[in-house]
Amino acid sequence: MAISSNMKINSDRLWDALMEMAKIGPGIAGGNNRQTLTDDDATGRALFQSWCEEAGLSMGLDQMGNMFARREGTDPDALPVYVGSHLDTQPTGGKYDGVLGVLGGLEIIRQLNDMNVKTKHPIVIVNWTNEEGTRFAPAMVASGVFAGVHTQQWAYDREDAEGLKLGDELQRIGWRGEEKVGERKMKAFFELHIEQGPILEKENKDIGVVTHGQGLNWLQLTLTGKESHTGSTPMPMRVNAGLGMAKITQLVDEIAWSHAPNAVGAIGQCDVYPNSRNIIPGKCVFTIDFRHPEKEIISDMELRLREGAKKICDEMGLGLEIEQVGGFDPVEFDKECVSAVRGAAERLGLSHRDLVSGAGHDACWINRVAPTAMVMCPCVDGLSHNEAEEISPEWAAAGTNVLFHAVVETAQIVD
Ligand code: HGY
Ligand code: MN
Ligand code: MN
């Protein structure tokens, strides 16, 4: 049976699932704070598991807590088609970042069940642990272990701001499985995600056919100065780590602008010690996030940052340590999978354009071990990693329909 353009998901059911999941780990301004390996994450996982069981899926769980909900194919030996994303959110996250990709996968299964359509290849929905990398750096850590980029022990040893370890928290919430990580073989992996940028909405396009993902480099800087009284210490005697951080913040911005229009750079996380109103900061620890579609530019930004930060710190008498705490090279997704996404958008009569993903995604790592592609839908004002993140039900449905067609085409419908 060929895939026909009238094969569509149930958009109301998809939207209901998104709103139901959004009730777990609510934020304070209408979004979500369901951070990885918290009790809220555990609750969200349990809800997803219950929905998968209702849909007749068998659940696999690996030692990084990655969840794999499997719908059998007619050929049990055929490599499964995987589809998914992540359920963890930023502390001031939106309701759709990651969640749309997991629940979009569930909606595909629900619709195939309703239509009683079988596929040759099994289909597996994935929830990757800790995509966000906000509580435990780096981002995409569990898909990174799956793809062989990180060792499992290194991942287990990641610590949050309270000194809790990722591996211990995974055990505590009861979602550390027995399955060895990374042994699963995939025919293909598809990830649906909101764009998290302004292009699709501005160009009035329904679908982003993601051909590439830009690269990322996270550098953690520790500046060491001298704590002293903000009132009685004369200006020439100060060794102010906070001032050093401010100068380096300006340097990061200048470096990114020097590679306009595609380079981006910012400092998102910073800790000032001792963080007292009347003590000159003796230490600052902060993370720089550089990104660009070309590896050489990312390297240039890092080199100029290292040189510039050293100059600033030498002039100010500050100690400087620089550690790379995350990063991945720009990725090019699988051409055949990308064509399946583009063909689906065309078959469904949806406006679309090729796109380079500005954000990182689990697909960027899985692309190393399986043919991978992404589908993107617009988001309002391109806003994400903000509780005001918003999409329309129509955008969610369009993206999920394209995902539906690409996955089912790859999994091959059986008459
Ligand atoms: O940082 C990222 O790009 C992703 O949102 N974790
Ligand atoms: Mn995401
Ligand atoms: Mn995110």
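Colleague: Before we start, what counts as a donor here?
Modeller: Donors are N, O and S atoms within 2.8 Å of the metal, and water is not among the atoms, so sites may look incomplete. Keep in mind too that this is a predicted model.

Colleague: Okay, which protein donors does the manganese ion (ligand 3) have?
Modeller: Asp97 gives an OD, Glu132 gives two OE entries and His385 gives its NE2. They lie 2.1 to 2.5 Å from the ion.

Colleague: And how are the donor residues spaced in sequence?
Modeller: The pattern is D-x34-E-x252-H. Asp97 and His385 are 288 residues apart, so the pair links distant parts of the chain. Asp97 is in the loop between strand E3 (81–85) and helix H3 (99–115), while His385 is in the loop between strand E14 (372–377) and helix H12 (393–411).

Colleague: Which residue coordinates both manganese ions, ligand 3 and ligand 2?
Modeller: Asp97 does, and the two ions are 3.4 Å apart.

Colleague: Is Asp97 buried or exposed?
Modeller: Buried, because its relative accessible area is 4%, and the cut-off for buried is under 20%. His385 has 40% relative accessibility, so it counts as partly exposed.

Colleague: Switching topic: how many residues are in the largest nonpolar core?
Modeller: It has 104, and Leu103 and Phe190 have the most contacts inside it. H12 supplies the largest share of this core, 11 residues.

Colleague: What does Phe190 touch?
Modeller: Leaving out residues up to four places away in sequence, its contacts include Val81, Val83, Cys337, Leu403 and Val407.

Colleague: What about another core?
Modeller: There is one apart from the largest, with 23 residues, including Leu219, Ala241, Ile255 and Ala309.

Conventions:
Residues are numbered from 1 along each chain as its sequence is written. Chains are lettered from A and ligands numbered from 1 in the order in which they are written. This is a predicted model: local features need pLDDT of at least 70, side-chain atom pairs count only at pLDDT 80 or more; totals for chains, interfaces and linings use all residues. Side-chain values use heavy atoms; hydrogens and water are left out. Donors are N, O and S atoms within 2.8 Å of the metal (3.2 Å for Na, K and Ca); water is not among the atoms, so sites may look incomplete. Helices (H or I, at least four residues) and strands (E, at least two) are DSSP runs, numbered from the N terminus. Buried means under 20% relative accessible area, exposed over 50%, partly exposed in between (1.4 Å probe, protein chains only). A nonpolar core is a set of buried Ala, Val, Leu, Ile, Met, Phe, Trp, Tyr and Cys residues joined through side-chain atoms within 4.5 Å. Contact means heavy atoms within 4.5 Å.
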